[in-house]
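User: Hi! I would like a close look at one loop residue and at how the parts around it fit together. Could you walk me through it in one go?

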Amino acid sequence: MSTTRPYPPGDLGPEPGGAGASAAPAAAPPAGQIRRLRLAGARGAVARGRDFARQALHDWGWLPAAGADRRAAAEDVLLVVSELVTNACLHAEGPEELRLRCTGKVLRLEVSDLGAGQPAPRSPHRPGRPGGHGMFIVQRLCLDWGVVRHADGAGKTVWAELAAPS
């Protein structure tokens with residue numbers, strides 16, 4: 001439930017492995033796989049981001065989903081991508097780049113933008129009102145999420161981590 005983390009995007013901690021770890025399923029993506037999509041100035045950024053993520057999930061064996069759990073995990077990823085890119089469009093002068101990074105245990109989504117704002121779930125959350133649900137959805141679906149300011153002071157990266165299906 002954090003909103004800021006002191007280490008840079010992409011620092012996911014130790015990889016699963018060692019003597020007691022079980023082998024990864026055949027459909028697991030290659031560990032450390034990173035996909036990047038430049039969105040600066042792009043029209044239809046949300047749809048482009050979602051299509052890009054869907055293709056990565058297909059390439060990594062998440063889609064077509066073998067069961068309800070995998071289907072739900074893939075749908076969660078696509079929803080979180082949509083929410084993060086939409087927030088950058090609405091509140092941060094548009095997204096610059098979408099990155100997806102997958103390890104054996106975590107899928108990390110990152111959206112970079114040039115905005116100065118700090119995303120946060122609207123509090124209190126009012127489910128019956130239109131708008132203001134994006135970061136609440138991200139918070140509910142993800143293991144963790146946060147914001148890392150760019151070192152040059154121009155913008156930030158909003159990241160979210162979801163569990164990879166087993």
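User: Leaving aside its neighbours within four places in sequence, which residues is Arg-122 in contact with?

Analyst: Happy to help. Please keep in mind that this is a predicted model. Once neighbours within four places in sequence are set aside, Arg-122 is in contact with Gly-131 and Gly-132. The residue itself belongs to the loop that runs between E3 and helix H3 (134-141). Arg-122 counts as exposed because its relative accessibility is 51%, and the cut-off for that class is over 50%. Gly-134 is 12 residues away from Arg-122 in sequence, and their C-alpha atoms are 8.7 Å apart.

Gly-134 takes us into the helix that follows this loop. In H3, the buried residues are Gly-134, Met-135 and Val-138. Those buried residues line one face of the helix, because they fall within an arc of 90° when H3 is seen down its axis. The cover over them includes H2, strand E4 (144-149) and strand E5 (156-163).

The loop between E3 and H3 also holds Leu-114. Leu-114 has a relative accessible area of 41%, so it is partly exposed. Apart from neighbours within four places in sequence, the contacts of Leu-114 are Ala-92, Glu-93, Gly-94, Glu-96, Ala-154 and Gly-155. For Leu-114 and Gly-94, a separation of 20 residues in sequence goes with 7.6 Å in space, C-alpha to C-alpha.

One of those contacts of Leu-114, Glu-93, deserves a stop of its own. Glu-93 is located in the loop between H2 and E2, and it follows H2. Its phi is near 65°, which is positive although the residue is not a glycine. Most residues other than glycine have a negative phi. Glu-93 counts as exposed, because its relative accessibility is 68%.

Now for strand E5, where Lys-156 is placed. Lys-156 has a relative accessible area of 3%, so it is buried. Not counting residues up to four places away in sequence, Lys-156 touches Ala-92, Val-111, Ser-112, Asp-113, Gly-115, Ala-116, Gly-117, Pro-119, Val-147, Val-148, Arg-149 and His-150. Ala-92 is thus among the contacts of Lys-156 and also among those of Leu-114. Val-111 lies 45 residues from Lys-156 along the chain, yet 8.4 Å separates their C-alpha atoms. Elsewhere in the model, the charged end of Arg-108 sits over the ring of Trp-159, at 4.3 Å from the ring centre. As for aromatic pairs, the structure holds 0.

The helices on the other side of the sequence complete the picture. Helix H1 (residues 45-59) has 15 residues, and the 21 Å from its first C-alpha to its last is close to the 21 Å expected at 1.5 Å a residue. The buried residues of H1 are Ala-45, Gly-49, Phe-52, Ala-53, Ala-56 and Leu-57. They are on the same side of H1, because they cover an arc of only 135° around the axis. Among the elements that cover them are strand E1 (33-38), helix H2 (68-91), strand E2 (95-102) and strand E3 (106-113). After H1 comes Gly-61, with a positive phi near 85°. In the loop between H1 and H2 lies Pro-64, and the peptide bond from Leu-63 to Pro-64 is cis, with omega near -10°. Most peptide bonds are trans. H2 has 24 residues, so it should span 34 Å at 1.5 Å a residue, and this agrees with the 34 Å between its end C-alpha atoms.

Stepping back to the whole protein chain, its secondary structure comes to 3 helices and 5 strands, in the order β-α-α-β-β-α-β-β along the sequence. The chain has 166 residues, of which 40% count as buried. Among contacts between residues at least 6 apart in sequence, 65% join residues at least 24 apart.

A word on confidence before you go back to the bench. The mean pLDDT of the chain is 82, with 80% of its residues at 70 or more. Residues 1-26 stay under 50, and the model has 44 contacts beyond four places in sequence for them.

Key: Residues numbered from 1 in each chain as written. Predicted model: local features only at pLDDT ≥ 70, side-chain atom pairs only at ≥ 80, totals over all residues. Heavy atoms only, no water. Phe/Tyr/Trp six-rings, centres within 6.5 Å; stacked < 30°, edge-to-face > 60°. Lys NZ or Arg CZ within 6 Å of the ring centre and 35° of its normal. Helix = DSSP H or I, 4+ residues; strand = E, 2+ residues; numbered from the N terminus. Expected span 1.5 Å × (residues − 1). Buried < 20%, exposed > 50% of the residue type's maximum accessible area, 1.4 Å probe, protein only. Arc of directions from axis to C-beta. Contact = heavy atoms within 4.5 Å. pLDDT = per-residue confidence, 0-100.
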